[in-house]
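Here's a quick briefing on one model, written for someone who likes the cut-offs spelled out. Have a look at the structure first.

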Amino acid sequence: MQHLANKTYLSGDFWGGLAAMLVALPASIAFGVSIYAAIAPGYAAVGALAGIIGATVIGLVAALLGGTERLISAPCAPAAAVLSAFAIGLVEEGVPADNIVLLLLMLGLLAGLFQILFGVIGIGRLIRYIPYPVVSGYLTGVGLILVGSQLDKLLGTPPGTRWHEALISPWLWNGQAVAVGAATIGTMLLAPRLTRRVPGTILGIVAGTVVYFLLATQDPALLSNTGNPLLVGPPGTSGDGYFTTITARWRDIGDLRLIQIAALLGSALTLAVLLSIDTLKTCVVLDQMTRTQHNSNRELLAQGVANVTASSVGGIPGAGTMGATLVNLASGGTTRVSSLVEGLSALIFALVLSSFIAWLPVAALAGILVVVGVRMIDREALRFVLSPSTVFDFAVVVVVVVIALNVGLIAASGAGVAMAILLFLREQIGGNVVRHKLYVNQRSSSWHRPEAETRILEEKGDQAVIFELQGSLFFGTTRQLFGELDPELKARRFVILDFRRVQSVDVTAAHMLCQVRDALIEHGAMLLLSNIRKNLPNGRNLRELLEQTGLTDDTGAVRLFDELDSAIEWVEEQMLGEAGHVAPVQETPLELMEMELFRQRKDETLADLEACLEKVTYPAGATVYSRGQEDGALYLIRRGTVKIFAPLGGGRLRHVASYGRGDFFGGLAFLDGRPRGNDAVTASEAEFFVLTVEQFNILAEEHKRLAITLLTAIARSLAHRLRHADTEIAMLHEY
C-alpha cells in the first residue's frame, strides 16, 4: 500500500510539474524577450534564452533549497517590469547595448544577494506585513508598466515609440503584428471557457503563431527569421557557443567599476522587495489552500540563491509565481518533486524546441504579457472609494501607482514605505487609547470588605479615577491621552493608570506622564501606575523608561504597582484609614460575637454554634481547598488573609477575591452542595472557624431558629457581594 501511495504521489508530482512548466516556460520566454528587446530588437533572442535559463535554474535551485511544497518559481512580471524600465532608462542615457546586458545580469545578482540578506536577518516575516493598499499599488504599477512596455511590440510600431504615442498613432501600427497580438490575447481570454486542460498561455502562443504563418502565405518575407523584427530569431549567443559567451560576460563584469555597481543598489533593492513580496504572497495563498505553513526566511534564502545562480549564468531573476503554482496544485502536485520536474522539463522542452522558439512571433509574446499585466492590476482597490473610511487607503494606492509610472519603482517603493508608516500612524491615532474610565466606587479591588467599609468606599470612591489604557502611547496619541486625563487632574485625589493592554510607550508619552504628575502634585494628589512591566510587547523596558525620564523620582507623588487590583486596594486602604477604619498591626483571633456576621446575636445561641465549629490554623501559602473538592465546609476567618483563584484554562489561574479578618468564604459550596469552583490559598498565616455541612445539619435539628439565622446572614452577605459585582459588570459593559 505504501508503495502504491508513493507511486501515486510521484505520478501527481510529474503531471503537476509538467503542467506548471507549460505555464511558466512561455511566460518566462515572453518576460525575457520584453526585457532584452527594450535594448534593441536584435536582442529579443538573447532575452528568450535568458528566460529559458531563468525558468530552468530558478525552478531547480529554489525547489532544492526552499521548504514550501508545490511552489513553482520562475521569471515573473515584477522582474520584467523593473528590468525593462531599467533597460529603457539606460538606452535613453546612451549606454552601449553590451554594457546594458552586463548591468542587467549584475542587477539580478544583487537583487538575489539582497533576498539572501532578508532571509538571514529574518526580515521575511516583516515583508508579509506590508499593508494591502501599498501592495495593491505596487502590483497595479507593475502591471501598468508591463502593459506599457509591450504596446510598441504588440502594435508593431518602430522601436523606441512610447506607449501613449503608439496608442494615438494608428498610422504607425504594423497590421501583421496587430493581427498576431489580437489572436493571442483573444485566445487567452477565451481559453478558460473552452478548456482547462491546456493552459491559456499555450493556446495563445499557438493561435498567434498560426495567424503569423497564415499571414506569411501572403508575404514571403515573413518566412525568414533572420533580421525579422516580428520574430524572436535564432538563440542569442556568440558563434563560440553559450559557455564561451557567459565566460566573456563575467570577464566584462569584472571590468565594471565599483561606482557603477553601487549605482545599481537602489534598483536591486526595489527588485528584491518586489520579488520577495511576490513569492511570499504566493506562499500565503498556498498555505491557505493546503493547510500548511511555510518558512518565510528559508524561502527568501532559497529564492535569493536561485536568483544569484540564474543571473550568474545569463538568466533573468524570478519568484514563486501564483499562476504556475496553482496549476501545479490543481494538476496533482504534492511535494517539491513537482517543482523539480518543472525546472527539468523546462530545460528539456527548450532544448527540443529551440528551433521553434526562434519562430515565435514577438507580438504573440507581447500579447501574453499584456494579459498578464492587465490581470495584475488590482481592481478590488476601486471599492475603497465607496466608503469615507477607506478613501485614504485608495489615495495610498493611487500615489504608489502614479509614482511608479512617472518616477519609477524605486521611488514608488520609498513612497510605499512612507505610506505604510502613515497608515500605521492613522490607525494608531484614530483608535482610543483609553479603554475604560471608572471610579473606585464603580470598580473595587478583589478584597471583599465588611458592609460598613463598603459603604465608606461607595461614598468616597469618586475621589479616585481609573484609566485602563490600551494600544500604543507615542507622540501621535499623547495629546489625545492628555485631553482625556486633564479634566480629572484637579478633581481627583488619586489617578490610576493601568498599562496592562499597552503595547508600546515612547519618550514623548513618558514626558507627558511627568506633566500629569506635576499637575497632581500642585493640589496634593497622587499618580498610581499599574502593570508596569519590564518588557512591553515591543521589547522596551517600561520601568526603566519611566526611571530614565524622571517620572519615578522620589517625590512621593508616584507609586508603581504590579497589578491594577493592588493599586485599587492601596487607594481603598488610604480612604478607609482616613475614615478611621485602620487594620490592627498585630491581628488577634476574633471570637464569633466579634464577627459582623453574628453581631446582635445572643451569647447562648452563639455558644451552641461555636460548639459545632472546628478551630484550624493554616500557614501562609497553604491551600485551604482546591477546585473540584467536595467538602462543602464554611470558613469563618478569625485572623489572616485568604485569596481565591479561578481557573482560566491551560493551567492558568486568576486572583478574583481576597477575604480578611471577620469575613467568611466557601459559602456557595456550603449552600448548594456542589464541588468547589475555585482554589482558596492563605496569603498569610490564618485561623478559621470551620463549619461542615454535617455539623450544620446536626445544629439545625436542635436549633432551627439558629440555623435559619445563620443561613439568612450568609445569604445576605452573598447577595451584597453579588449586587456589588453586578454593578461593576454593568459599568464594564457600558464602556
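What follows covers one strand with its neighbours, then one helix pair.

This is a predicted model, where local features need pLDDT of at least 70, side-chain atom pairs count only at pLDDT 80 or more, and totals for chains, interfaces and linings use all residues. Residues are numbered from 1 along each chain as its sequence is written, and side-chain values use heavy atoms, with hydrogens and water left out.

**Strand 7 and its neighbours**

- Strand 7 covers residues 526–530 (helices, H or I with at least four residues, and strands, E with at least two, are DSSP runs numbered from the N terminus), and five of its five residues are buried (under 20% relative accessible area with a 1.4 Å probe, protein chains only).
- Met526, Leu528 and Ser530 point one way, while Leu527 and Leu529 point the other.
- In a regular strand, side chains alternate between the two faces of the sheet.
- Strand 6 (residues 494–505) pairs with strand 7 in parallel over five bridges (pairing takes at least two DSSP bridges).
- Strand 8 (residues 558–561) also runs parallel to strand 7, joined by four bridges.
- Leucine 529 sits opposite leucine 497 and also opposite leucine 560 in strand 8.

**Helix 4 against helix 13**

- The axes of helix 4 (residues 97–120) and helix 13 (residues 296–312) come within 7 Å and cross at roughly 160° (axes are lines fitted to C-alpha atoms over the stretch in contact, with angles from 0 to 180 degrees between N-to-C directions).
- The two helices are therefore roughly antiparallel (over 145 degrees).
- Contacts (heavy atoms within 4.5 Å) involve residues including Gly108, Gly112 and Gly119 in helix 4, and Gly304 and Ser311 among those in helix 13.

Terms used:
Buried means under 20% relative accessible area, exposed over 50%, partly exposed in between (1.4 Å probe, protein chains only). Angles under 35 degrees count as roughly parallel, over 145 as roughly antiparallel, 65 to 115 as roughly perpendicular and the rest as oblique.
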